[in-house]
Amino acid sequence: MGLRITEKHTETVLQMTIQGLDGEGSPQHLSMSRKERLATFHVSRVNSSATVVYDYSNLLIGYRSWPGQSCYITRMKKENIQSLDAAVKVFQNIQPKPPASSLKENEEGTDVPLADRSILGTTINILCSSVPIYWA
């Protein structure tokens, strides 16, 4: 009796510490999957942490802070992919409000619709499974 695995599964997990100019480190963990064409970052700040998913198959970036009552997504620019710092800055500047309907008001006072879960990849859907997802 034996076991034969015919499907190749490749996943690379990296852990890095980025040092600031003052020598303080900010631990960031990165998981990448070639098969699913995505990268998942776990970002820790002084009073918060968040998960950021770069979904290269669907050209989306997803964000959920912990603890968080909502998720946010934005389109990825294929020719100029946003840096992690730029993406986190956009998401952190959103002032979350409890959803009253299928629309949400953004900083400019206009309504932002809930994201359609059917266009999202598996990873972002799992990350945001228990909360509403909004366009950033």
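These exercises work through a predicted model of one protein chain.

**Exercise 1.** State what the mean pLDDT of the chain is, and find how many contacts residues 1–5 and residues 97–103 have.

Solution. Start with the whole chain: the mean pLDDT is 75, and 65% of the residues reach 70 or more. Next take residues 1–5, where the pLDDT is below 50 and the model has 0 contacts beyond near neighbours in sequence. Then take residues 97–103, where pLDDT stays under 50 and the model has 11 contacts beyond four places in sequence. Where pLDDT is low, the predicted coordinates should not be read in detail.

**Exercise 2.** Locate the disulfide and determine whether it is left-handed or right-handed.

Solution. A search of the whole structure gives 1 disulfide. Its partners are Cys 71 and Cys 128, with an S to S distance of 2.1 Å; the cut-off for a disulfide is 2.5 Å. Cys 71 lies in strand 6 (residues 71–75), while Cys 128 lies in the loop between helix 2 (122–127) and strand 9 (133–135). The two are 57 residues apart, so the pair links distant parts of the chain. The torsion about the S-S bond of Cys 71 and Cys 128 is about -95°, and therefore the disulfide is left-handed. Both Cys 71 and Cys 128 are buried.

**Exercise 3.** Decide whether Thr 51 is buried or exposed, and describe its surroundings.

Solution. Thr 51 belongs to strand 4 (residues 49–55). Its relative accessible area is 6%, and the cut-off for buried is under 20%, so Thr 51 is buried. The side chain of Thr 51 forms a polar contact with the side chain of His 42 at 3.2 Å. Beyond four places in sequence, residues in contact with Thr 51 include Thr 40, Phe 41, Tyr 63, Trp 66 and Leu 127.

Notes. Residues are numbered from 1 along each chain as its sequence is written. This is a predicted model: local features need pLDDT of at least 70, side-chain atom pairs count only at pLDDT 80 or more; totals for chains, interfaces and linings use all residues. Side-chain values use heavy atoms; hydrogens and water are left out. pLDDT is the predictor's confidence in each residue, from 0 to 100. Contact means heavy atoms within 4.5 Å. Helices (H or I, at least four residues) and strands (E, at least two) are DSSP runs, numbered from the N terminus. Buried means under 20% relative accessible area, exposed over 50%, partly exposed in between (1.4 Å probe, protein chains only). A polar contact is a pair of N or O atoms within 3.5 Å; within protein, one must be able to donate a hydrogen and the other to accept it, and residues adjacent in sequence count only if both atoms are side-chain atoms.
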